[in-house]
Amino acid sequence: MEDFKIACKEYLNTLSVENLRRYGRYVGLQRPTDMNKQALIDEIIATLCQEKAPSRNSRGAPIKNSGVLESIPLKIEQLSKEFLGYSIQPPEPMSEKFIDVEQPIVEEPVIVKFSLPLQRLNEEQKKLVFALLESLDK
């Protein structure tokens, strides 16, 4: 595990602070913009190694740019396979639930609750949301 941490630290040191912050959000760090580069790298590695639980929450302003470079998770996965022999997946968010579409369909109704600020969506996004909702109602 120590070799993996060292390799991750070396790789993450090559990235910009902005890309580290985006990846920090991706793995579940809370307020990655408040951390300096080294603290951010240490927190990311601790979260990946499951030494620290992710701490996402939905409070505060929406994230402006949450996109992560595809190469970062791929490189971390490559390093984990190389040094640990298995793939490390980022921890799942604690407050979010994902539906496994491979599970058999249940005949009884399922209640799904979510909030979406419609006033922030453009017309095309609103049409897509309403089309999705209509398709779920059938």
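Q: What covers the buried residues of α1?
A: In this predicted model, the cover over the buried residues of α1 includes α2 (17–27), α3 (37–48) and α4 (71–84).

Q: Which residues of α1 are the buried ones, and what makes them line one face of the helix?
A: They are Phe4, Lys5, Ala7, Cys8, Tyr11 and Leu12. Looking down the axis of α1, the buried residues fall within an arc of 165 degrees, so they line one face of the helix.

Q: Which exposed residues sit on the face of α1 turned away from the buried side?
A: Glu2, Asp3 and Glu10 are carried there.

Q: How do you know that the span of α1 is close to the expected one?
A: Helix α1 takes in residues 2–13, which is 12 residues, and reaches 16 Å from its first C-alpha to its last. At 1.5 Å a residue, 16 Å is expected, so the two values agree closely.

Q: Why is Lys5 called buried?
A: Its relative accessible area is 17%, and buried means under 20%. Lys5 therefore counts as buried.

Q: Why is Glu2 called exposed?
A: Exposed means over 50%, and Glu2 has a relative accessible area of 51%. Glu2 therefore counts as exposed.

Q: What makes Lys5 and Glu2 a salt bridge?
A: The closest N and O atoms of Lys5 and Glu2 are 3.6 Å apart. The rule asks for a side-chain nitrogen of Lys or Arg within 4 Å of a carboxyl oxygen of Asp or Glu, so the pair qualifies. Lys5 and Glu2 are three residues apart in helix α1, which separates them by about one helical turn. In general, an α-helix has 3.6 residues a turn, so residues three or four places apart point the same way.

Q: How do you know that Asp42 and Lys9 form a salt bridge?
A: Their side chains meet at 3.1 Å, N to O, and the cut-off is within 4 Å, so this pair counts too. The bridge links distant parts of the chain, with Asp42 in helix α3 and Lys9 in helix α1, 33 residues apart.

Q: Why are Asp42 and Lys9 called partly exposed?
A: Asp42 has 38% relative accessibility and Lys9 has 32%. Partly exposed runs between the 20% and 50% limits, so Asp42 belongs in that class, and so does Lys9.

Q: What makes Glu123 and Lys126 a salt bridge?
A: Their closest N and O atoms are 3.9 Å apart, and the rule accepts atoms within 4 Å, so the pair is counted. Both lie in helix α5, three residues apart, with about one helical turn between them. Glu123 is exposed at 53% relative accessibility, whereas Lys126 is partly exposed at 22%.

Q: How many salt bridges does this rule give?
A: The count comes to seven.

Q: Which residues form the nonpolar patch on the surface?
A: The patch consists of Leu116, Leu118, Phe130, Leu132, Leu133 and Leu136, with about 530 Å² of accessible area together. Patch residues need over 30% relative accessible area, and Leu133, which lies in helix α5 (residues 123–137), is partly exposed at 35%. Leu133 therefore passes that cut-off.

Q: How many helices and strands does the protein chain have?
A: It has five helices and zero strands, and from the N terminus on the elements run α-α-α-α-α. Of its 138 residues, 27% count as buried.

Methods:
Residues are numbered from 1 along each chain as its sequence is written. This is a predicted model: local features need pLDDT of at least 70, side-chain atom pairs count only at pLDDT 80 or more; totals for chains, interfaces and linings use all residues. Side-chain values use heavy atoms; hydrogens and water are left out. Helices (H or I, at least four residues) and strands (E, at least two) are DSSP runs, numbered from the N terminus. Buried means under 20% relative accessible area, exposed over 50%, partly exposed in between (1.4 Å probe, protein chains only). The arc is that of the directions from the helix axis to the C-beta atoms. Contact means heavy atoms within 4.5 Å. Patches are made of residues with over 30% relative accessible area and no salt bridge: like charges are joined within 9 Å, nonpolar side chains (Val, Leu, Ile, Met, Phe, Trp, Tyr) within 5 Å. Accessible areas come from the Shrake-Rupley method with a 1.4 Å probe; for residues, only the protein chains shown count as cover.
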